[in-house]
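User: Could you take a close look at how the helices of this model pack, and then walk me through the aromatic rings and the backbone details around them? I'd like one connected answer, with the cut-offs spelled out.

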Amino acid sequence: MGSIIMEPDDIATYLQQGIIPETNLSAICISTGKINSSGFFNQSFFLDYSVPLLLLQITLSSGIILLLYQLLKNLGQTLIVAQILGGVILGPSVLGQIQLFDRTIFPLHSLVTLDAVSTFGYMFYFFVIGIPVDPTVVKKIDKQALAIGFSTVATPTVLGTLFVSFLMNNFVLEPKTANSLPVIAQLESVLSFPVIAHFLCELGIINSEFGHVALSASLVSMLTSFCIITTSVLMHQSAGESSMILKTMGNAIGLAVAIVAIIRPTVSWMMKRSSKGEPLKQGYVVTLCLAVVISGFCSHALGLHMYYGPLILGIAMPPGPPIGSTMIDKLEYFTFWFFMPLFFLKTGLGMNIYAVKWKNYLAVQSVALVSVLGKFLGAFLSSIFCKIPIKHGMALGLVMNFQGVLELGLFKMMKRNKAIDNGSFVIMCMSLVIVTSIITPVIRCLYDPSKRYVVYKRRTVMHSRPHTELRVVVCIHDQENVPTIINILEALNPTKRSPLSVNILHLVELVGRTNPLVISHKVTKRKSSEATSSEHVVNAFMYFEQSNYGQVTIFPFTVIAPPKTMHDDVCRIALDKRVSLIILPFHKTFIANGASMPYKKVSKITNNNILSNAPCSVGILVDRGFLNSSKPIYDSGSSYHVAILFLGGADDREALAIGARMARHPHINLTVIRLLENGTISSDGTINSKLDNDMVSEFRNTVAGNYRVMYIEEAVADGGGTISVIRQMANIYKLILVGRNHDYPSTLLMGLTDWNEHVELGIIGELLATADFMSNTSVLVVQQQQQYADLENEKDHDTSSWDPDNIRESQHLPIQRHTSEDI
């Protein structure tokens, strides 16, 4: 296939500056005696020798790209923009105009060495960007991804083809440019799944719901692009050429199958022989690096592009520790900042923007922009059809327009095959820089990476379908949290019709290591030093699973991470597992006399971060019952008394939904205590008031006939009355559920707002947790899901037919009414 970077046309472009006499483009002579310089002081000009000249070229290319990246990243730009601009600056377009610089730094004989070294880096680059790509994303392709992915390719293909036809019929263009336009329209409609994945990684949103949609859609787009281009090429080829193309495709499929068949068992063997948390053995790292070189060699030998084998090899690697993370750590910086700058340098040396004619530029650039518009409209309109929020749909349309090194290589390949001319190649590279530099900061404005756990559907207990599986994440800091949390899970009433899927995360602070770990105990059968500390926790929950066979499924993990980022692993698992509730232990453990035990700062940091970023509802468990050794509910012959304190608001409604599920448990007596301002149900017409009343009415209808459920209304005039109600609940209940936040301002909280020291518990939650008279009562403080995409289009309930008197007229559940003066 020849050089993948520097072709005779590139050299011709480089020589056309008149700096070096153009004599012979088919052969370049290198003196074997001019490899290593004997030194400047030995009357030997060191830049006449290959090694010192290569070192200087690496320094210049890496240094300029690093400088540009530092300047441009503050403007929201990605690395690819700095890399292409760095190559252009060092090429004939800018510094190459200086004859002394060009003759001295980039003599013709140095291009051979640059070509070889940059090709080597090119292979490792695609290996590295392939590692984070999760091939199981194929399983996540749904109708939404199919619609977005197909329309993102079909729309620009149609628009680009029509626009090219319009240009060729109405304008007189140079023959080379006119012949290139149909190919350009197809190339600009192509999407690359690995490049999109790497771009999402660079933006830090690949693990978000938005990132999952973009990945799935880009994979569909890439496959659609491949089918369209292959069909188009086969239709315009002779029988012999079509046979050669099909043979090449067969070689590509066969090489991919061979790589996966060989590397998967090899990597599994390496993982079994590697200790968790320990660095990958040096011999394994060298073996995998040799595999990259061999895969590149096989690709070249089979007539494929040299990056193909390393890319497939990278995708076949497991992305996490110890294999994937170690290989990225070893290769990423050296490949990105030493080898790849040479690739962009060689690309820049073959680009002369001054040789581009203005008329040709307008024609090619307009075709590229029409394709960009087509991609955007295809992704945006299909996103709106799939009920994705408008801003996220716009961001998705822009993400689908991102192009990177793989597209640059595709442009080079088409130029080498004479499908496009050199001028069109230069314009397409310029268009890549322009479009990418525009869309990246716009994407950052439309989609905030801090909102990467935003989801497009409600993930709450309240919005879960009845008699379906309830998915929960439980976080454990210490073994002392286990008994009470098991009681909470049992109280959620798992049955065969409505089972529990529980992901247990034992959170361990990262010490003495750089890479965080997530260890799955059901996948990892071998014991490791990290798993040892979780053994007792895992065993307790596995026993709970066995005791509730067919009703509870446990998925135990150990998460080892620094405190500031530990919440990312929790939220990512909650996002991937589509859970409705995360249960966290409060960072303080209270003992029987009301005092608290010393707490770990890591627990408080993690809890606060999860409350701010969770993609579902969160419950913080204040454990005050452990030292009183309450028996498990499923082993208890007596009743387990639970209360819900309802003041109003989304969090209280979620607590009531959890209570409704608990009310079906045969060993639980549930009491709902609703505090009313001056004894009247609010009918002020606000959305929250309607939702509160509607939720309570629905709850009473749901538990109608259940003698173990009691509903009480307490008339309260101010915060003092609220405290009186709380005092009345002293030591009656084993567990109290309450919302974290309430409708504010409210007379129910008057005079209490200044007492809130533990903001993660809210005002009422803190009163319940810290009160001396609640020495035997655990508290579950509930926060309903906050991270979802569109508040306006998501309704908790249909309130169109709500009547403020309905709740009083319902006779399904008796109402007991008290006033604060009665207490």
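Analyst: **Helix packing and its surroundings**

The crossing of α18 and α20 is right-handed (the near helix is turned clockwise from the far one by less than a right angle; anticlockwise would be left-handed). Before going further, please keep in mind that this is a predicted model, in which local features need pLDDT of at least 70 and side-chain atom pairs count only at pLDDT 80 or more, while totals for chains, interfaces and linings use all residues. Residues are numbered from 1 along each chain as its sequence is written, and side-chain values use heavy atoms, with hydrogens and water left out.

Back to the two helices: α18 covers residues 482-491 and α20 covers residues 535-547, and they pack at about 25 degrees with their axes 11 Å apart. Axes here are lines fitted to C-alpha atoms, for helices over the stretch in contact, with angles from 0 to 180 degrees between N-to-C directions. The two helices are therefore roughly parallel to each other (under 35 degrees; over 145 is roughly antiparallel, 65 to 115 roughly perpendicular and the rest oblique). On the α18 side, the contact (heavy atoms within 4.5 Å) is made by Val482, Ile485, Ile486, Leu489 and Glu490, and they meet Val537, Ala540, Phe541 and Phe544 of α20.

A second helix pair makes a nice companion. Helix α3 (residues 79-90) and helix α17 (residues 422-446) have their axes 9 Å apart and pack at an angle of about 150 degrees, so α3 and α17 are roughly antiparallel. The crossing of these two is left-handed. From α3, Ile80, Val81, Ile84 and Leu85 meet Leu432, Val433, Thr436 and Ser437 of α17.

For the wider setting, the protein chain has 27 helices and twelve strands (DSSP runs numbered from the N terminus: helices are H or I with at least four residues, strands are E with at least two). Of its 823 residues, 55% are buried, meaning under 20% relative accessible area, with over 50% exposed and partly exposed in between, for a 1.4 Å probe and protein chains only. Of the contacts between residues at least 6 apart in sequence, 82% join residues at least 24 apart.

Now to the rings. There are 19 aromatic pairs in the structure (centres of Phe, Tyr or Trp rings, the six-membered one for Trp, within 6.5 Å; planes under 30 degrees apart are stacked, over 60 edge-to-face, the rest tilted). Tyr122 and Phe343 are stacked, because their ring centres are 4.8 Å apart and their planes lie at 25 degrees. Tyr122 sits in helix α5 (residues 110-130) and Phe343 in helix α13 (residues 323-349), so this pair ties together parts that are 221 residues apart in sequence. Both residues are buried. Tyr125 and Phe336 make a tilted pair, with 5.1 Å between centres and 45 degrees between planes. This pair also links distant parts of the chain, with Tyr125 in α5 and Phe336 in α13, 211 residues apart. Tyr125 and Phe336 are buried too. One aromatic cluster takes in Tyr122, Tyr125, Phe126, Tyr307, Phe336, Phe343 and Phe344.

Charges meet rings as well: the charged end of Lys415 sits over the ring of Phe425, 4.6 Å from its centre (NZ of Lys or CZ of Arg within 6 Å of the ring centre and within 35 degrees of the ring normal). Arg700 lies over the face of Tyr711, 5.6 Å from the ring centre.

Among the covered parts is helix α8 (residues 193-203), where eight of eleven residues are buried: Phe193, Pro194, Val195, Ile196, Ala197, Phe199, Leu200 and Leu203. Gly204, just after α8, has a positive phi of about 75 degrees.

Most residues other than glycine have a negative phi. Asn493 is not a glycine, yet its phi is positive, near 60 degrees. Asn493 belongs to the loop between α18 and β2 (500-509) and, at 10% relative accessibility, counts as buried. Lys387, also not a glycine, has a positive phi of about 65 degrees. Lys387 lies in the loop between α14 (358-385) and α15 (390-399) and is exposed at 74% relative accessibility.

Finally, Leu735 of strand β10 (residues 735-739) is buried at 1% relative accessible area. Residues touched by Leu735 include Ile488, Leu621, Tyr640 and Val779.

Conventions. Lists of a residue's contacts leave out its neighbours within four places in sequence.
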